[in-house]
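This report looks at a predicted model. It takes up selected helices, a sheet and the surroundings of the ligands in turn.

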Amino acid sequence: MRTQVAIVGGGPAGLLLAQLLHTQGIETIVLERYERDEVLSRARAAVLERGLVDLLHEAGASTSLDENGLVHEGIRLSGNGQDFRIDLKALTGGAVTIYGQENITADLYAARDALGLTTLHGCSGMKPRDIDSDQPFLTFLHGGKMNRLDCDFIAGCDGVHGPCRKEVPDDAAQVVEQTFPFGWLGVKSDAAPVVDELLYAGSDRGFALCSLKDAARGRYYLQVPLSDAPEDWEDDDIWEELARRLPQDVADALPGGGLSGRYIAPLRSFVSNPMQWGRMFLCGDAAHIVPPTGAKGLNTAASDVQYLYHALTGYYRKGDEAGLAAYSNTALARIWKTQRFSWSMTKLLHRFPDQSVFDLQMQRAELAYLAGSEAAQTVLAENYVGLPY
Ligand code: FAD
Ligand code: DHB
């Protein structure tokens with residue numbers, strides 16, 4: 001088998017890159033480890049920056065997004081005696097769109113299927129080879145036999161545990177990592193969302209987030225100790241804990257009832273530099289992770305995809321290698337700003353086990369300052385709606 005760009009990972013980053021390259025006549029094959037149902041069962045991100053929405057339009061995978069995406073022009077923040085709205089639209093002219101990651105992935109698969117493009121599921125033992133030559137290839141098990149895919153370039157869109165990042169030689173790779181001493185318990189509710197706009201709530205008992213899956217169904221997150229397991233939390237415990245952490249009007253309106261999709265995600269920051277080696281380029285969670293408080297993981301994956309898409313287009317259209325050579329530095333410049341924002345939102349709203357009285361006062365002052373300063377709110381809003389590419 002041969003293609004121009006071999007894409008490892010059929011998550012949102014890999015599929016979006018594949019569709020965008022197709023619009024420029026560049027051939028791709030997507031190799032995914034799991035079956036499609038399993039990929040589509042991962043319900044995580046929901047908040048899309050304008051840049052990602054634009055890319056989905058350009059990729060020809062936006063029909064359902066345009067119909068079902070909810071444009072949100074504000075968010076609410078509460079905690080430490082503060083409770084206020086940040087008017088994203090008034091402060092920046094921008095907004096975010098609420099539309100689930102699982103829907104984006106399904107739309108991209110449907111667009112790919114409609115064009116008859118090749119996606120192989122159930123690929124195991126994936127190994128990038130000869131990436132520092134101009135004839136890289138991948139070997140993997142599929143359909144009960146070993147396969148070889150020759151290509152011009154490899155895009156490693158294989159998530160945080162994927163094999164591609166491991167091909168950057170140890171003495172060239174710098175990994176910067178910070179783990180946070182807590183996780184998020186996430187659940188879905190079939191009852192109507194309790195909020196019209198996302199509510200990020202700090203409290204003495206820790207962080208809570210009210211979000212929505214779509215106009216009809218709610219999604220909730222709670223900060224929990226890393227020692228907790230999802231099955232430790234009964235439905236009623238979750239509703240009760242949400243009520244303790246949320247402003248009274250929202251606590252009173254919580255619908256109660258059955259919850260599904262329980263999982264606990266640890267919070268961490270992680271950046272791997274460089275994001276390229278020879279003819280292999282990393283995109284999305286394969287190269288970096290942010291704590292989810294700023295809703296940036298998928299959006300940052302999209303910004304990588306945008307840079308790589310333009311760099312590959314420059315190469316195939318004009319023989320220009322400058323974009324490819326600069327890819328890692330270009331992508332990392334934006335990633336570090338997004339890391340900063342995600343870290344600042346996490347610090348602002350969570351309870352840390354070793355927080356001193358001084359730390360608590362700083363957190364309180366930060367939230368009070370934000371509540372009263374249009375300048376501070378503009379900084380938050382500009383980052384939340386998304387920095388330019
Ligand atoms: P992935 O989604 O991990 O996809 C990688 C793909 O590669 C997978 O399908 C995997 O099966 C495949 N793969 C792995 N190994 C191999 C292999 N050996 N061979 C072939 N394929 C392989 N982001 C936001 O922007 N907004 C949000 O609101 C938001 N909320 C979040 C909330 C939570 C609780 C969490 C945990 C995350 C959230 N995120 C959010 C982050 C977002 O979900 C991720 O950043 C996003 O999934 C990254 O996409 P990706 O395609 O890079 O990686
Ligand atoms: C969701 C996740 C986030 O991390 C966030 O900041 C906002 C919303 C969500 O899954 O709905």
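## Helix H9 and its end

Helix H9 is followed by Gly-319, a residue whose phi is positive, near 70°. The helix itself has 22 residues, which at 1.5 Å a residue should span 32 Å, and since its end C-alpha atoms are 32 Å apart, the expected and computed values agree.

H9 also takes part in the surroundings of ligand 1, where it gives four residues, the largest share of the shell.

## The shell around ligand 1

Ligand 1 is surrounded by 36 residues, of which the closest are Gly-9, Gly-11, Gly-159, Gly-284 and Gly-297. Two or more residues of this shell come from each of helix H1 (12-23), strand E13 (174-189) and helix H9 (297-318).

When the shell around ligand 1 is sorted by class, 19 of its residues are nonpolar, eleven are polar and six are charged. Both domain 1 (5-72 + 95-177 + 268-346) and domain 2 (181-266 + 354-385) give residues to the shell around ligand 1, and ligand 1 therefore lies between these two domains.

## The shell around ligand 2

The residues that surround ligand 2 are Ala-45, Ala-46, Val-47, Leu-198, Leu-209, Ser-211, Arg-219, Pro-292, Thr-293 and Ala-295. By class, this shell consists of seven nonpolar residues, two polar residues and one charged residue.

Ligand 2 lies between domain 1 (5-72 + 95-177 + 268-346) and domain 2 (181-266 + 354-385), because both of them give residues to the shell around it.

## A sheet of three strands

Val-47, which belongs to the shell around ligand 2, also has a bridge partner in strand E7, namely Ile-98. Strand E3 and strand E7 (residues 96-98) are paired in the antiparallel sense, over two bridges.

These strands are part of an open sheet of three strands, in which the order is E3-E7-E4 and the pairing is antiparallel. Strand E3 (47-48) and strand E4 (70-72) are the edge strands of this sheet, each of them pairing on one side only.

## Helix H10 and its kink

Helix H10 (residues 322-349) contains 28 residues, and the distance from its first C-alpha to its last is 41 Å, close to the 40 Å expected at 1.5 Å a residue. Along H10 there is nevertheless a kink of about 40°, and this kink is centred on Ser-328.

How values were computed: Residues are numbered from 1 along each chain as its sequence is written. Chains are lettered from A and ligands numbered from 1 in the order in which they are written. This is a predicted model: local features need pLDDT of at least 70, side-chain atom pairs count only at pLDDT 80 or more; totals for chains, interfaces and linings use all residues. A residue is near a molecule or strand if its C-beta atom, placed from the backbone, lies within 6 Å of it. Ala, Val, Leu, Ile, Met, Phe, Trp, Tyr, Cys and Pro count as nonpolar, Asp, Glu, Lys and Arg as charged, and the others, Gly among them, as polar. Domain bounds come from an automatic or database domain assignment. The expected span of a helix is 1.5 Å times one less than its number of residues. The bend at a residue is the angle between axes fitted to the seven residues ending there and the seven starting there. Two strands pair if DSSP finds at least two bridges between them.
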